[in-house]
Amino acid sequence: MRIAVAASPQVAIPTIEALVNSSHELIRIISQPDRPAGRGKVMTPTPVSQWALENDLELLRPSTTEEIAEAVEGLDCVVTIGYGVLLPENILSIPTRGFLNLHFSLLPRWRGAAPVQRAIEAGDSLTGVTVFQLDAGMDTGPIYTVHRYALDADITSDELLIELGEVGVGAVIEALDLVEKGVRPEPQDSNGATRALKLSRQEAHIDWNHEAETVSAKIRAFTSNPGAWSNFRGSVIKISSPKMSDFILAPGELSFTDKKLFIGTATTALEIGLITSAGKSPIEASSWANGARLVDGERCE
């Protein structure tokens with residue numbers, strides 16, 4: 001089939017690479033327009049745009065629905081992966097076989113913008129990817145393929161996205177083969193559907209009064225965007241790479257013991273792996289604690 005991929009994030013690249021070498025003809029890549037980024041607000045392409053430019057693939061970066069419609073004309077199917085644009089029905093009907101979407105959860109669980117982060121935050125032990133046919137709803141279309149993935153207890157959202165990006169390769173190839181054979185997708189059951197709402201910086205604020213498992217899940221879910229954070233000495237620090245411990249401290253209390261940094265929760269303390277101060281790069285928590293010269297009883301809030 002003549003296909004295109006509409007995608008923006010890094011996690012889409014393994015699937016694109018596989019499609020280049022597949023039996024299908026990858027006609028073009030569609031991605032969002034360049035955006036200003038960094039302190040200098042330099043116009044920056046999406047990771048998928050950058051990859052397409054480096055690999056000499058046809059790249060379109062439409063900024064209007066009319067331009068998107070032109071970009072998908074003459075195609076059999078379009079695969080979307082974190083494209084970041086809600087496509088109207090009149091565009092979904094342009095390719096002869098419609099649009100497929102690679103979604104990073106086991107639908108109908110975690111429909112929405114942040115399925116990977118919400119799965120970790122909720123303490124799910126199983127997730128995966130779903131390839132479904134796009135319709136007018138929010139991740140409600142009929143399903144072609146589902147590939148499952150068991151979560152490690154200490155996995156972060158950054159790590160899980162990488163893993164699911166690889167899992168998604170086989171799911172997309174399998175789904176395209178089904179489309180080509182004329183196999184109809186299975187209607188999606190909405191029983192048990194949950195919403196994976198977009199992350200906000202405010203909800204990434206750590207509440208140390210929760211149990212250690214809950215706090216750890218929050219920190220790992222919000223790594224590294226927007227980043228789980230707390231206040232220390234009036235400044236914001238971002239906290240990542242937590243580990244469970246048997247150490248007991250009051251909620252939010254810090255202790256630098258045996259060259260390890262611990263912060264208390266409502267149950268046991270968490271051993272912290274990395275700290276990021278405002279405007280700086282992440283450093284080992286032990287190095288941060290050495291520089292901070294902690295005083296007994298100091299807390300994160």
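How many aromatic pairs does the count come to? Two. This tour of a predicted model visits both pairs, then a helix contact and a strand residue.

**Stop 1: Phe232 and Trp288**

Select Phe232 and Trp288. Their ring centres lie 5.1 Å apart. The ring planes stand at 65°. Planes over 60 degrees apart count as edge-to-face, so this pair is edge-to-face.

Now show the secondary structure around the two rings. Phe232 sits in strand 12, residues 229–232. Trp288 belongs to helix 8, residues 285–292. The two residues are 56 residues apart, so the pair links distant parts of the chain. Are Phe232 and Trp288 buried or exposed? Both are buried.

**Stop 2: Phe247 and Phe262**

Move to Phe247 and Phe262. This aromatic pair measures 4.7 Å centre to centre, with 35° between the planes. The geometry is tilted.

Phe247 is in the loop between strand 13 (235–244) and strand 14 (254–257). Phe262 is in strand 15, residues 260–263. They are 15 residues apart, and this pair too links distant parts of the chain.

Colour the two by accessibility. Phe247 has a relative accessible area of 30%, so Phe247 is partly exposed. Phe262 is at 8% relative accessibility and therefore counts as buried. The cut-off for buried is under 20%.

**Stop 3: helix 1 and helix 2**

Select residues 13–20 for helix 1 and residues 47–54 for helix 2. Their axes come within 11 Å. They cross at roughly 30°. Angles under 35 degrees count as roughly parallel, so helix 1 is roughly parallel to helix 2. The crossing of these helices is right-handed.

Which residues of helix 1 and helix 2 make the contact? Show side chains for these:

- From helix 1: Ile13, Ile16, Glu17 and Val20.
- From helix 2: Pro47, Val48 and Trp51.

By class, the contact has six nonpolar residues and one charged residue. There are no polar residues in the contact.

**Stop 4: Pro36**

Last, select Pro36. This residue lies in strand 3, residues 35–37. What is in contact with Pro36, leaving aside its neighbours within four places in sequence? Display Lys41, Val42 and Met43: Pro36 is in contact with these three. Pro36 has 46% relative accessibility, so Pro36 counts as partly exposed.

Key:
Residues are numbered from 1 along each chain as its sequence is written. This is a predicted model: local features need pLDDT of at least 70, side-chain atom pairs count only at pLDDT 80 or more; totals for chains, interfaces and linings use all residues. Side-chain values use heavy atoms; hydrogens and water are left out. Axes are lines fitted to C-alpha atoms, for helices over the stretch in contact, and angles run from 0 to 180 degrees between N-to-C directions. Helices (H or I, at least four residues) and strands (E, at least two) are DSSP runs, numbered from the N terminus. Angles under 35 degrees count as roughly parallel, over 145 as roughly antiparallel, 65 to 115 as roughly perpendicular and the rest as oblique. A crossing is left-handed if the near helix is turned anticlockwise from the far one by less than a right angle, and right-handed if clockwise. Contact means heavy atoms within 4.5 Å. Ala, Val, Leu, Ile, Met, Phe, Trp, Tyr, Cys and Pro count as nonpolar, Asp, Glu, Lys and Arg as charged, and the others, Gly among them, as polar. Buried means under 20% relative accessible area, exposed over 50%, partly exposed in between (1.4 Å probe, protein chains only). Rings of Phe, Tyr and Trp (its six-membered ring) pair if their centres lie within 6.5 Å; planes under 30 degrees apart count as stacked, over 60 as edge-to-face and the rest as tilted.
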